[in-house]
Amino acid sequence: MSGPLLAVDGDSFAHRAYHGLPKTILRAGGKSGGAIVGFANFLLRLYAAEQPRAVLVGWDTLDAPTYRHKAFPAYQSGRQFDAALLDQLDVLPQFVAACGFAYAKVPGYEADDFLAAAVAQEEKRGGTVLVASGDRDAFQLASEATTILHPVRAGEMARIGPAEVRKRHGVEPRQVPDFIALRGDPSDKLPGAKGVGEKGAAGLLRQYATLEDMLTAGRFPAQAEDLRLYRRIATMDASAPLPPLPDQTPAWAQASALAREWELNRLADRLAELAGNQ
């Protein structure tokens, strides 16, 4: 078996890049380029470190609601993104493709869903997966074959497997959606169960194993349907459509040409050097 499949939450790391690099980085036409440069540098570092057999980058479609938004209108409400970031999110999939990597961006699905689908598909074929995401929802994907790469500080990634999920949150990876439903998630505007925090949620799941068993036993009767909805929202959709994911050979020269076209010359030079070393 060749190297792991690397599945990346593109929005997560593009956002981090945008807020972590100077806004003075510009590409052709005076448009912002910092998120592109930062994301590209992150992707190149990760590729060099992990030597995956293939790369898939998942993207949100920000102008199309998912079933989560339709079922729970407050989901992720109030989020505002700079126009300069939105512009770069629109073109970053082109960069991923120019590198010879795969990307998934389909209205109605979030980046998370493509990660879950990639994990299910790769584990089924007997492969291993590295999932790079800044979102702890991804901990539900951890298994003996799948490791989560979670950013902890500048340039450093924690490797999260089932043991680390248990140590951090006191639950099994499969219990993470139940845990989120009970604890709540302020970033997604999920309120959780009344009066239940992180420790309480973990304790209840040790006692009952699943949210459904808890509700069947008569816990939270007034919130039962809401909690089921929160769990559904927190569960990544492994049925999301994926592009083909055969083994890939990076097309660094092609990516360098695109970066040059965008007048991101330092990035273009770095990619040209990689192409020369292939």
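# Notebook: a walk through the fold

**Entry 1, contacts.** I began with how the chain touches itself: residues 24 or more positions apart account for 68% of the contacts in the protein chain with a separation of 6 or more. A reminder to myself before going on: this is a predicted model.

**Entry 2, the whole chain.** I looked up the secondary structure and found 12 helices and eight strands in the protein chain. The radius of gyration is 20 Å, close to the 19 Å that the globule rule gives for 278 residues, so the chain is as compact as a globular protein of that length. I then laid the C-alpha trace along its principal axes, where it spans about 65 × 45 × 30 Å. As for burial, 51% of the 278 residues count as buried.

**Entry 3, surface and charge.** I turned to the outside next. The protein chain exposes about 12800 Å², and carbon and sulfur atoms supply 51% of that area. I also looked up the charged side chains: there are 31 positive and 33 negative ones, and the centres of the two sets lie 4 Å apart.

**Entry 4, strand β1.** How many residues of strand β1 (residues 5-9) are buried? I found five of the five, so β1 is largely enclosed by the rest of the structure. I checked both of its sides: L5, A7 and D9 point one way, L6 and V8 point the other way, and all are buried.

Then I followed the neighbours of β1. Strand β4 (residues 54-58) runs parallel to β1, joined to it by five bridges. Within that pairing, I noted that A7 has L56 in β4 as its bridge partner. β1 also pairs with strand β6 (residues 129-132), again in the parallel sense, over four bridges. Here L6 stands opposite L130, and L5 has V129 as its bridge partner.

**Entry 5, strand β6 and onward.** I stayed with β6 to look at its faces. Both are covered: V129 and V131 on one side are buried, as are L130 and A132 on the other. β6 pairs in the parallel sense with β7 over four bridges, and in that pairing V129 stands opposite T146. It pleased me to meet V129 twice, since I had already noted it as the bridge partner of L5.

In which sense do β7 and β8 pair, parallel or antiparallel? Strand β7 (residues 146-153) and strand β8 (residues 156-160) are antiparallel, with five bridges between them. One pair I picked out is H150 with its bridge partner A158 in β8. The two strands form a hairpin with two residues between them, and there G155 takes a positive phi near 80°.

**Entry 6, A111.** I went looking for a residue that reaches across the sequence and settled on A111, which lies in helix α5 (residues 111-124). Is A111 buried or exposed? It counts as buried, because its relative accessibility is 1% and the cut-off for buried is under 20%. Its C-alpha atom is 5.7 Å from that of D9, although the two residues are 102 apart along the chain. Leaving aside neighbours within four places in sequence, I listed D9, D11, G58, W59 and D60 as the contacts of A111. Two of these names tie back to Entry 4: D9 belongs to the residues I noted on β1, and β4 covers residues 54-58, with G58 among the contacts of A111.

**Entry 7, helix α7.** Seven of the eight residues of helix α7 (residues 176-183) are buried, so this helix is largely enclosed by the rest of the structure. I wrote down the buried ones: V176, P177, D178, F179, I180, A181 and L182. What do they pack against? I found α6 (162-169), α8 (198-208), α9 (211-216) and α10 (224-234). After α7 comes G184, with a positive phi near 90°.

**Entry 8, backbone oddities.** Most residues other than glycine have a negative phi. With that in mind, I noted two residues for a second look.

- Q51 is not a glycine, yet has a positive phi of about 45°. It sits in the loop between α2 (34-50) and β4. With 51% relative accessibility, Q51 counts as exposed.
- A209 is not a glycine either, and has a positive phi of about 75°. I located A209 in the loop between α8 and α9. At 39% relative accessibility, A209 counts as partly exposed.

Note on methods. Residues numbered from 1 in each chain as written. Predicted model: local features only at pLDDT ≥ 70, side-chain atom pairs only at ≥ 80, totals over all residues. Heavy atoms only, no water. Rg over C-alpha atoms; globule rule 2.2 N^0.38 Å. Buried < 20%, exposed > 50% of the residue type's maximum accessible area, 1.4 Å probe, protein only. Contact = heavy atoms within 4.5 Å. Areas by Shrake-Rupley, 256 points an atom, 1.4 Å probe, with all protein chains shown as cover. Lys, Arg positive; Asp, Glu negative; His and termini not counted. Charge placed at Lys NZ, Arg CZ, Asp CG, Glu CD. Pairing = 2+ DSSP bridges.
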